[in-house]
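Here are a few exercises to work through with the viewer open. Try each task before you read its solution.

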Amino acid sequence: MTPRPEAAIRAALAAAALGAALAGAPTPGAAQLRAFEFRLDNDTFVTPRREDERWYTSGAFVRFAFDAPADAADARLAAAWCARVVACDPGARTLRVASLAHRIYTPASTGIAGPQPYDRPYGAALALGAASVVVGERTRQSLELQLGTIGPAALGEPVQNGIHAMLGQAKTQGWPWQLRPQALAQVGWSRLAAHRLGVPGVDAVTRTGVLLGTPQTQAELGAMLRFGGTGAGPTWPGESLGVREPSGWQVYAGVEARAVARDTLIDGAAFGYDSQVSREPLAGSAFIGASVGPIRDWRLEFTFAMHSVPFSSPLETYPFRPQRIGTIGLRWQPR
């Protein structure tokens, strides 16, 4: 039921080539690299016991930001968007952001070698993204297209069990019953706005977002308080490329609510059985974190988040405690 490794690798390379073409993958002679970011989510960062590994268990994200020349097609489209749809800051600049995202999901009992119809199915998503990001003093808007795959070709099994082997941990047993192959195609828009509060060293950021397609179709609304660095532009965990950041330390705390109309990583068909769980229409998160710039142009970020469980099960005795996720981020962004 799991494809041969060479087939999975070919599928991943094909997805990478397609994503690079859509991103207009800039060459050094065509555009200057302005920022780079690597982020890693993992539940074991905050719940080191193996028995706590469950649901959204790991995510890896790489992003590159390049200048978009003012006469380029994407910069002209961004200018038209700002003029006719949602206003941007005067003098805002446009960046091209290329990304690679990999996410892994499992049920709570990863040692069971069989289907688990009353828990979240095994699943992985692998996607390449191309975004146009408009960054100003007070606001940041992003419009992104992601293309990729859900299912065996997303390499959830070899990545997770390869890491477990390196760490001397037990092999996860249930990947033969993961979600069936699906195309991943999703458009996302988000807007960040920074707000001065009249208190030295304290400000706020609000976030609005929409995702359309697969795996998710949802609306998002969030707010965050920041303490420490002053004069920073609009930032959000995972959405800071291109934004002016403080030179020292910063602490932040926030919440986010989501109205979910579709989530194929929960509702999708799995190999070998019919899942009995269903998507929850409302979900939420709360997070705290800190970032510091120990070396010029580099920033290190740590975030702890608690997420509501995004699905329900007819097995009422199932312990649906909020999930805890830790994130480590490293960002290079010259001033």
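**Exercise 1. Classify Phe227: buried, partly exposed or exposed? Then find which surface feature Phe227 belongs to.**

Solution. Start with the number: Phe227 has 34% relative accessibility, so it counts as partly exposed, since buried needs a value under 20% and exposed one over 50%. Next, place the residue: Phe227 sits in strand E8, which runs over 216–228. Now look at the surroundings. Phe227 is part of a nonpolar surface patch together with Leu197, Val199, Leu225, Trp249, Val251 and Val292. Taken together, the patch residues have about 580 Å² of accessible area. The elements giving two or more residues to this patch are strand E6 (182–199) and E8.

**Exercise 2. Decide how far to trust the model, and where to be careful.**

Solution. Keep in mind that this is a predicted model. The average pLDDT of the protein is 88, and 87% of the residues score at least 70. The place to watch is residues 1–29, where pLDDT stays under 50. The model has 28 contacts beyond four places in sequence for that stretch.

**Exercise 3. Sketch the overall build of the protein from a handful of totals.**

Solution. First the secondary structure: four helices and 14 strands. Then burial: 50% of the 335 residues count as buried. For the contacts, take those with a separation of 6 or more; residues 24 or more positions apart account for 71% of them. Last, the surface: about 15,600 Å² is exposed, with carbon and sulfur atoms supplying 64% of it.

**Exercise 4. Work out what Arg63 pairs with, and which parts of the chain the pair ties together.**

Solution. Step one, location: Arg63 is in strand E2 (residues 55–67). Step two, burial: Arg63 counts as buried because its relative accessibility is 18%, and the cut-off is under 20%. Step three, neighbours: leaving out residues up to four places away in sequence, Arg63 touches a set that includes Glu37, Arg39, Val97, Gly238 and Leu241. Step four, the partner: Arg63 and Glu37 form a side-chain salt bridge with an N to O distance of 2.9 Å. Glu37 lies in strand E1 (residues 33–42), so the pair ties E2 to a part of the chain 26 residues apart in sequence. With a relative accessible area of 1%, Glu37 is buried too. As an extra check on the fold, look at Arg63 and Glu239: they are 176 residues apart along the chain, yet their C-alpha atoms are separated by 10.0 Å.

**Exercise 5. How many salt bridges does the whole structure hold? Go through two more of them and then look for a network.**

Solution. The search of the whole structure gives 16 salt bridges. Why look for them at all? Side chains of opposite charge can pair when their charged atoms come close.

- Arg96 and Asp74: the closest N and O atoms are 2.6 Å apart. Arg96 is in strand E3 (residues 93–106) and Asp74 in helix H2 (residues 73–84), 22 residues apart. Asp74 is partly exposed at 21% relative accessible area.
- Arg226 and Asp203: this bridge is 2.6 Å, N to O. Arg226 is in strand E8 and Asp203 in strand E7 (residues 202–214), so parts 23 residues apart in sequence are tied together. Both residues are buried.

Now for the network: salt bridges with shared partners join Glu37, Arg39, Arg63, Glu245, Arg299, Glu301 and Arg331.

**Exercise 6. Describe the setting of Glu245, one of the network residues.**

Solution. Glu245 is in the loop between strands E8 and E9 (250–263). Its relative accessible area is 17%, so Glu245 is buried. Its contacts beyond four places in sequence include Arg299, Arg331 and Arg335. Glu245 also has a 2.9 Å polar contact with Gln333, side chain to side chain.

**Exercise 7. Track down some backbone oddities in the loops.**

Solution. Go through the loops one by one.

- Between E7 and E8 you find Pro215; the Thr214 to Pro215 peptide bond is cis, with omega near 15 degrees.
- Between strand E5 (139–150) and helix H3 (156–167) comes Leu155, a non-glycine residue with a positive phi near 65 degrees.
- Between strand E11 (282–292) and strand E12 (298–307) lies Asp297; its phi is positive as well, about 75 degrees, although Asp297 is not a glycine.

Conventions:
Residues numbered from 1 in each chain as written. Predicted model: local features only at pLDDT ≥ 70, side-chain atom pairs only at ≥ 80, totals over all residues. Heavy atoms only, no water. Buried < 20%, exposed > 50% of the residue type's maximum accessible area, 1.4 Å probe, protein only. Polar contact = N/O pair within 3.5 Å; in protein donor to acceptor, adjacent residues only side chain to side chain. Contact = heavy atoms within 4.5 Å. Patch = residues over 30% accessible without salt bridge, like charges linked within 9 Å, V, L, I, M, F, W, Y side chains within 5 Å. Areas by Shrake-Rupley, 256 points an atom, 1.4 Å probe, with all protein chains shown as cover. Salt bridge = Lys/Arg side-chain N within 4 Å of Asp/Glu carboxyl O. pLDDT = per-residue confidence, 0-100.
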